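Trainee: Please take me through this structure one question at a time, and spell out the reasoning behind each answer.

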Amino acid sequence: MFRFGKKKKQRETEPHAPVAPKDEQSFDAWIREQVEAESYFFQKIELPGGLVTPGWSDPAVDKLPFYHLPEDLTGMRVLDIGCAEGFFSFEAEARGAREVVSIDSFPDSVRRFNICKAAKGSKANAYLCNVYDLSEKTMGTFDLVLFYGVLYHLRHPLLALERIMSVCTGRMLLQTAIHEEPGLSDRSFARFHPFGIESGPPEDRQLDPTVFWLPNRECVRDMVAHAGFEEIETLCDDDRVSIVVGAKSPRQEPGEAPDQMKAPWC
């Protein structure tokens, strides 16, 4: 669920992937070389040629069956927040999304995303930015927003939901870790962890300093409602994935890319 695990020394490179060779055999070898050079992967992702990234989280098994990603995303503009190496971005593309915009606040994640993108020949684009940076003027609007595994990493979860509302003209799917306190299940409640919690693979638990708020189920639904979303429904309530919530924006319009002639500097 959480991203942090044991890491070796990070290599100092730019977030984008280097130029790959054109020869097919050399390209496959180059992809393998890029993957093996990375000291850490969060997600296991199947790449062409039988290569699988060495992530400790296996979203195809542990998440995809529970996260309610629609089977048919034909024609949709999709936003993947906290994309990591891009598993759900590539899955959305495979299900017919016409455009996938992915964001992550970790440069290393964007770099690894671009390695996987090159291997898959994907058209999804990953940007190094934060959920708080979202705006219609710079990012456009989206038919579907994937907000998986991010809420509890945020100091300001309500602000994040408000920013998502500003770019969502369709539906949002949210997954988050939760904390239930006995006797408070019928009231909105969140536990604050000012210095993080232990997370990572069971065999190598480490401090994850980026976990701040763990809401209960009622609080998750209330926060989504407070941000302005409607028709909020609990899609999955399972100890393996905590909770998955779906909600609709009151503004139902086709997602559109931003107008480049009305960029922020104009």
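**Reading a predicted model**

Trainee: What is the relative accessible area of F192?

Mentor: Three classes are used, with buried meaning under 20% relative accessible area, exposed over 50%, and partly exposed in between (1.4 Å probe, protein chains only). F192 counts as partly exposed because its relative accessible area is 44%.

Trainee: What is the mean pLDDT of the protein chain?

Mentor: Residues are numbered from 1 along each chain as its sequence is written, and this is a predicted model, in which local features need pLDDT of at least 70 and side-chain atom pairs count only at pLDDT 80 or more, while totals for chains, interfaces and linings use all residues. Side-chain values use heavy atoms, with hydrogens and water left out. The pLDDT, which is the predictor's confidence in each residue, runs from 0 to 100. In the protein chain 89% of the residues reach 70 or more, and the mean pLDDT is 91.

Trainee: Over which residues does pLDDT stay under 50?

Mentor: A contact is counted when heavy atoms lie within 4.5 Å, and the model has 14 contacts beyond four places in sequence for the stretch you ask about. The confidence there is under 50, and the stretch is residues 8-14.

Trainee: How many helices and strands are there in the protein chain?

Mentor: Helices (H or I, at least four residues) and strands (E, at least two) are DSSP runs, numbered from the N terminus. Counting such runs in the protein chain gives seven helices and 13 strands.

Trainee: Which strands stand at the edges of the open sheet?

Mentor: Strands pair if DSSP finds at least two bridges between them, and here seven strands form an open sheet with mixed pairing in the order β5-β4-β3-β6-β7-β13-β12. The two strands in question have a single partner each, so one side of each is left without a neighbour in the sheet: they are β5 (125-128) and β12 (230-238).

Trainee: How many bridges pair β12 with β13?

Mentor: A hairpin of three residues joins β12 to β13. Across the pairing T234 stands opposite V245, and E233 stands opposite G246. The sense of the pairing is antiparallel, and the number of bridges is six.

Trainee: At about what angle does α3 run to β4?

Mentor: Such angles compare N-to-C directions from 0 to 180 degrees, using axes that are lines fitted to C-alpha atoms, for helices over the stretch in contact. Helix α3 lies across β3, β4 and β6, and among its buried residues are F87, F88 and F90. What covers the buried residues of α3 includes α2, β3, β4, α4 and β6. The angle between α3 and β4 is about 175°.

Trainee: Which residue of α4 forms an aromatic pair with F90?

Mentor: Rings of Phe, Tyr and Trp (its six-membered ring) pair if their centres lie within 6.5 Å, and planes under 30 degrees apart count as stacked, over 60 as edge-to-face and the rest as tilted; by this rule there are eight aromatic pairs. In the pair you ask about, the ring centres of F90 and its partner are 5.1 Å apart and the planes meet at 35°, so the pair is tilted. F90 belongs to helix α3 and its partner to α4, so parts 23 residues apart in sequence are tied together. Both residues are buried, and the partner is F113.

Trainee: Which residue pairs with F192?

Mentor: This aromatic pair is also tilted, with 4.7 Å from centre to centre and 35° between the planes. F192 is in strand β8 and its partner in strand β11, 21 residues apart. At 29% relative accessibility the partner counts as partly exposed, and it is W213.

Trainee: In which strand does S242 lie, given its positive phi?

Mentor: Most residues other than glycine have a negative phi. S242 has a positive phi of about 65° although it is not a glycine. S242 is buried, because its relative accessible area is 10%, and it lies in strand β13.

Trainee: What is the relative accessible area of H68?

Mentor: H68 also has a positive phi, near 60°, without being a glycine, and is found in the loop between α2 and β3. H68 counts as partly exposed because its relative accessible area is 39%.
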